[in-house]
Every structure is written in structure tokens, then in C-alpha cells.
Amino acid sequence: MVLLSASLGGAVQAQQNLVIAVDSSTDAATSTTTATSTTAATSTTTDPPVSGRPVIGISLPALLGEPAATQQAWLANLASIGVTSIRTGADWADISYAGPGTYDWSQLDEEVSLIRAAGMSVDMVVTGTPAWEAVPGVSGTDIGQPADPAAFGEFAAAVAQRYAPEGVQDYEIWNEPNNAAFWQPAPNPAAYVQVLQASYTDIKSVDPSAFVITGGLAPESNANGDINEVTFLQDMYADGAEGYFDALGDHPDSYPALPDTDELWSGWSQMDSTPTSLESVMAANGDADKPIWITEVGAPTGGPDSVGTAGQAEELTQAIENAKESSWIGAVYLYTYEDSGGNPATDEDWFGLLNADGSQKPAWAAVAAAIAG
């Protein structure tokens, strides 16, 4: 399973927002074990204290499915530079690949156990729609709109019931629902809010202390079926989102501009610096005190929109420093640990702090210094 990693591009100089660093899964779990149990073994690992916020994490879709020894090595490596959290996902299409009412938790159980044993928290992205539960016209993909929000909410509750005993507290509902590539047949704020409402209600019913985050919004323009993140948030409130989330998820990519550079098209600027911003929309709807969780942010060192290795190091340094200085940013998850390839025709292969061969880019030391600073 690959979660959150099929990027369609980055922010570009032509003053338009494009999508970056998203993952979708189409692979079924490799285990043949199915079970309906939603109870996991209790872990004695505890989360970092609230005083440690903002959470500094890594969005690491590639971790799931790697051998346990590889997962442990990656987690130890990340812990050595101060990373305290991992963003991963519970994909309904993968976990229930054998049909309605079946759950194969085996891969995710192992991953969560290893993350918690490493002393890290988990941002659990609840996502994915099995073909038999998607709206008409999108069967065969796990990014189709759920036909029944209540059924998705029941799955979200099953995830929380299973992993709350493991110390998982943070649940992100979907990934980039304003991006046409990840909510098909087309982004639909009203439909997403129904999924959010059902998930929030059902997760809180099994774990009242759970922290529910909206799906990280992509830095899009209102074109080609995509909906700009500020516009999407306005529509979410109009459709009844108020009271159904604890934090707003966002993916505020700004490359090739730096986070400190204000640009109308920049996802980072649209959080709080544009005339109408995510922060201003939240304030207008009574949510001024709710945090924004940056659940993915990154910049490619290769591909058509490359910023180079020095540019990536500066992008991530500024992102971490700004998050630490901002009272309203609750978390920042960098995308991602290691390059997934070396194709010069795509940005997606080049977002890692490490090269594909495991060697460090300048961003590795820069991120360590920014976290420690």
C-alpha cells in the first residue's frame, strides 16, 4: 500500500497553485488474513507532551509494507534528528480488500507498533473507498467519493477503536479532498463534510479524547476540477463543518517561493497572509482558536519544478522555524524521508531528505538544526 504520494506538481512561478505530495493507494494488502476484530493489544508507549507542540513529523507513506528491520532503521534515523511523529494511513480499500465486513489490520498493526515503540506519535489518515462502496463511475479506485458517509464513519470508528489502545490520538479524515485526483469524480465540499461529520462523530463515540483533523487541503487553483483551499474551506463551513473538527489540515507548499515570501498563489501565504486566508475564514466562523496542522509540506530537488538541494534545505528550514514561531500552527509534517526514484520527468521522485540511495541531502542537516534551534 502506498498512501499520500502521487504528486501532480508543485507551486509554480506562473502564479497558480498546483498539487504536491499526495498519496493514493491501489494495492491490496499482501496478507491473506482477514478478521472483524477491532481490538488491538495495549501499548505502554506514551505520546510526547502537549508542551512539545508544534509536532515535527514526517509524512512517510513508504514505511508501510517495508520489512520490520527497515522500518525500525528509518524510524531510528528520523528520531536522531528530532522527528517525533509519523504520518501514515488506514486505507479502507486496502484493509477491507476481501469485501464488506472484513478487516486485515496486519500490516498497519506492525507499522503502528514499531512507530510507537520508537517513541513517536501517529497522524493516522483515514482514507480510501473500496470499489463496492464508491459512488457510481469511480469503481476500481480507492479515491472515489464514498457512497454512504455513515459507512465511512463506521470504518473510521473501527480504526480508532483498534489503535486508541496503542496510543494513537490524531486522526486525519481523507487527504486533499479539494484535489480532483484524490476525490473522484470531482471535489465536492458538501459530500466531504458529510464524511467528516460521520467520521468525527463515530471516532469520538469510541474515543472522546481523539483529535480529529480535516483532510490536508492542497494548494490548488479553481481550475480543472480542483478547488482552491480557501474556497473549499468557505464551502465546508457553508455545508456544516463547524463543530466537526479539532484542527484544520493543510498542505501549504510554496515552492519555488520560500515560506517567508508572500505570494497570492503560495499555499503558505494563503494560510494567513492573503486578503482572504484560511485563518480569516476560520475566524469568521468562530474557529479562531483552532490550530492549523500542516500535514505535508516539501519541495523537490529534481524534476520539472526542482528547487535544487540548497533550495529544499531553505524551504524546510523556514517551514519549521515559522511553525515554531506561530501560535496557530499545531504541527508540521515534512514530505518525505527518502526519494522514491530518479525520473527527471516527474517531481514526485525528489521530495526526500535523503537521496534514493540513502545518502543525505543538505536538507537532512538543515532540518536537524531547525528542529534543535
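Okay, let's start with one helix. In H1 the buried residues are Gln71, Trp74, Leu75 and Leu78. Those four take up an arc of only 95° around the axis, which puts them on the same side of H1. If that pattern looks odd to you, here's the background: an α-helix has 3.6 residues a turn, so residues three or four places apart point the same way.

I should say right away that what we have on screen is a predicted model. The pLDDT averages 88 over the chain, and 86% of the residues score at least 70. One stretch to be careful with is residues 1-51, where the pLDDT is below 50. In the model that stretch has 168 contacts beyond near neighbours in sequence, but please keep the low score in mind when you look at them.

Back to H1. How far apart are its end C-alpha atoms? H1 runs over residues 68-79, which makes 12 residues, and at 1.5 Å a residue they should span 16 Å. The end C-alpha atoms are 16 Å apart, so the expected span and the model agree.

And what covers the buried residues of H1? Among the elements doing that are strand E1 (55-59), strand E2 (85-91), helix H3 (106-117) and helix H10 (362-372). Let's follow a couple of those.

Take H10. Its buried residues are Ala363, Trp364, Ala366, Val367, Ala370 and Ile371. The cover over them includes E1 and H1, along with helix H9 (308-325) and strand E8 (329-334). So H1 and H10 turn up in each other's lists: H10 is part of the cover for H1, and H1 is part of the cover for H10.

Now the strands. E1 and E2 pair in the parallel sense, with 3 bridges. If you want a spot to click on, Gly57 sits opposite Ser85 in E2. Put H1 together with E1 and E2 and you get a right-handed β-α-β unit.

Is E2 mostly covered or mostly open? Mostly covered: 7 of its 7 residues are buried. Ser85, Arg87, Gly89 and Asp91 point one way from the strand, while Ile86, Thr88 and Ala90 point the other way, and all are buried. E2 also pairs in the parallel sense with strand E3, residues 121-127, over 7 bridges. There, Arg87 has Asp123 of E3 as its bridge partner.

Let's jump further along the chain, to strand E7, residues 292-297. Here 6 of the 6 residues are buried, so E7 is largely enclosed by the rest of the structure. Which strands does E7 pair with? One is E6, residues 248-250, which runs parallel to E7 and is joined to it by 3 bridges. Leu248 has Ile292 in E7 as its bridge partner. Another is E8, again parallel, with 4 bridges joining it to E7. Ile292 shows up here too, standing opposite Ile329 in E8. To get from E7 to E8 the chain goes through H9, and this β-α-β crossover is right-handed.

Last, the whole chain. It comes to 10 helices and 8 strands. Of its 373 residues, 60% count as buried. And if you take contacts between residues at least 6 apart in sequence, 74% of them join residues at least 24 apart. That's what I had, thanks!

Note on methods. Residues numbered from 1 in each chain as written. Predicted model: local features only at pLDDT ≥ 70, side-chain atom pairs only at ≥ 80, totals over all residues. Heavy atoms only, no water. Helix = DSSP H or I, 4+ residues; strand = E, 2+ residues; numbered from the N terminus. Expected span 1.5 Å × (residues − 1). Buried < 20%, exposed > 50% of the residue type's maximum accessible area, 1.4 Å probe, protein only. Arc of directions from axis to C-beta. Contact = heavy atoms within 4.5 Å. pLDDT = per-residue confidence, 0-100. Pairing = 2+ DSSP bridges. Right-handed = clockwise from strand over helix to strand, strands pointing away.
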